[in-house]
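Welcome to this tour. Please open your viewer, switch to a cartoon view, and follow along one selection at a time.

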Amino acid sequence: MRAAGALEPDPAVRCPDHMAAGFLGGFNVTTLAKHRATRRLVVRSVNRRVPGGYTYEIARAKFIDDVVLGEAATGIDELVLLGAGLDSRPYRLERELRGVKVFEVDHPASLASKRARLRRLLGREPDQVTFVAVDFNSDPLDTALAEAGHRRSARTLFVWSGVSMYLPEESVAEVLSWVAAHDDPPASIVFDAAWAGAIDGSREYFGAEALRERVRRMDEPLRWGIPEGRMEETLARFGLKVERALSAEELRSTCLRRSDGTLHDQPYGFGVLLHARAAAGMVPG
């Protein structure tokens, strides 16, 4: 979806991930999305299977890029991508991240695939990136990163995209509390979450039912969400203070407004994008 979104005709709503198609390689959805005659069919097909997913992916990429660029401009020492997947930011934003040490953390098999794709695309693995292979089910994240050179005392931004809603609450608490422990100087984390009502189906949001069914069939059910209206309270329990948050409506008006002022298609109605910082002196509880 990022690869197709990078070909949006209007630059105001275009996904900034211009490297996504290269990571896919070969014949893929962007081959069809490049042509006006077939592009509408591609987007329509995606929207039918996961209503709101296409525009949400575009908006999420734009929001996280904005946070990364903002933190880089004010001065960070390290950028840590948790569950890095095919995140292209260390390479797309190489100039803006000059002098920042980047850690890509992911499962060993995922990292091996990513590194092979990088060598194919770039002909090399950039020197400023350190790859940290971690099995999140068994390997202590703190130990693995420390052994790779991560410093608790570094000014750090963590990126955690498309992960939290698939984890049990205790795993989410462990990650967010660990980030909050980086409080001297205070680290920050940008991530996305779902409203709790969309997880258990107690409230209906645009796209939620279709996504629940899709991930259930993939045996990756939605598990954790934030009770709507209790965002600050929820993150405070982990030792974090919300600096910026965009709900679905705010996301659409902020990241999905076309050049002529009209709005692109509706994104997921249950997602919230967050940038939160470790609150010095706040004890997770």
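Which residues of helix H8 (residues 141-148) are buried? Select the helix and look for Leu141, Ala144 and Leu145; buried means under 20% relative accessible area, exposed over 50%, and partly exposed in between, with a 1.4 Å probe and protein chains only. Seen down the axis of H8, the buried residues fall within an arc of 95°, so they line one face of the helix. The arc is that of the directions from the helix axis to the C-beta atoms.

Before moving on, a word on what is on your screen. This is a predicted model, in which local features need pLDDT of at least 70 and side-chain atom pairs count only at pLDDT 80 or more, while totals for chains, interfaces and linings use all residues. Residues are numbered from 1 along each chain as its sequence is written, and side-chain values use heavy atoms, with hydrogens and water left out.

**Around H8**

Now add the cover over the buried residues of H8, which includes strand E1 (78-82), strand E2 (101-106), strand E3 (129-133) and helix H9 (169-180). Contact here means heavy atoms within 4.5 Å. Helices (H or I, at least four residues) and strands (E, at least two) are DSSP runs, numbered from the N terminus. Just after H8, click on Gly149, which takes a positive phi of about 115°.

Next, pick Lys101, which sits in strand E2. Lys101 is partly exposed, at a relative accessible area of 34%. Beyond its neighbours within four places in sequence, Lys101 touches Asp77, Glu78, Leu79, Gln128, Thr130, Ala148 and Gly149. For a distance label, try Lys101 to Asp65: they are 36 residues apart in sequence and 17 Å apart in space, C-alpha to C-alpha.

**The loops**

Go to Ser164, in the loop between strand E4 (156-160) and H9. Is Ser164 buried or exposed? Its relative accessibility is 0%, which counts as buried. Setting aside neighbours within four places in sequence, display Val172, Phe191, Asp192, Ala193 and Trp224, with which Ser164 is in contact.

On the other side of H9 in sequence, find Pro185 in the loop between H9 and strand E5 (188-194). The peptide bond joining Asp184 and Pro185 is cis, with omega about 0°.

A further loop, between helix H11 (208-217) and helix H12 (231-236), holds Asp219. Although Asp219 is not a glycine, its phi is positive, about 60°. Asp219 counts as exposed, with 65% relative accessibility.

**Helix H13**

Select H13 (residues 248-255) and show Ala248, Leu251 and Cys255, which are buried. Looking down the axis of H13, you will find its buried residues within an arc of 60°, so they line one face of the helix. Their cover includes helix H5 (53-74), strand E6 (240-246) and strand E7 (271-278).

**Zooming out**

Finally, show the whole protein, with its 13 helices and seven strands. Its radius of gyration is 19 Å, close to the 19 Å that the globule rule gives for 285 residues, so the protein is as compact as a globular protein of that length. That radius is taken over C-alpha atoms, and the rule is 2.2 Å times the number of residues to the power 0.38. The C-alpha atoms fill a box of roughly 55 × 50 × 40 Å along the principal axes. Colour by burial, and the buried residues make up 47% of the 285.
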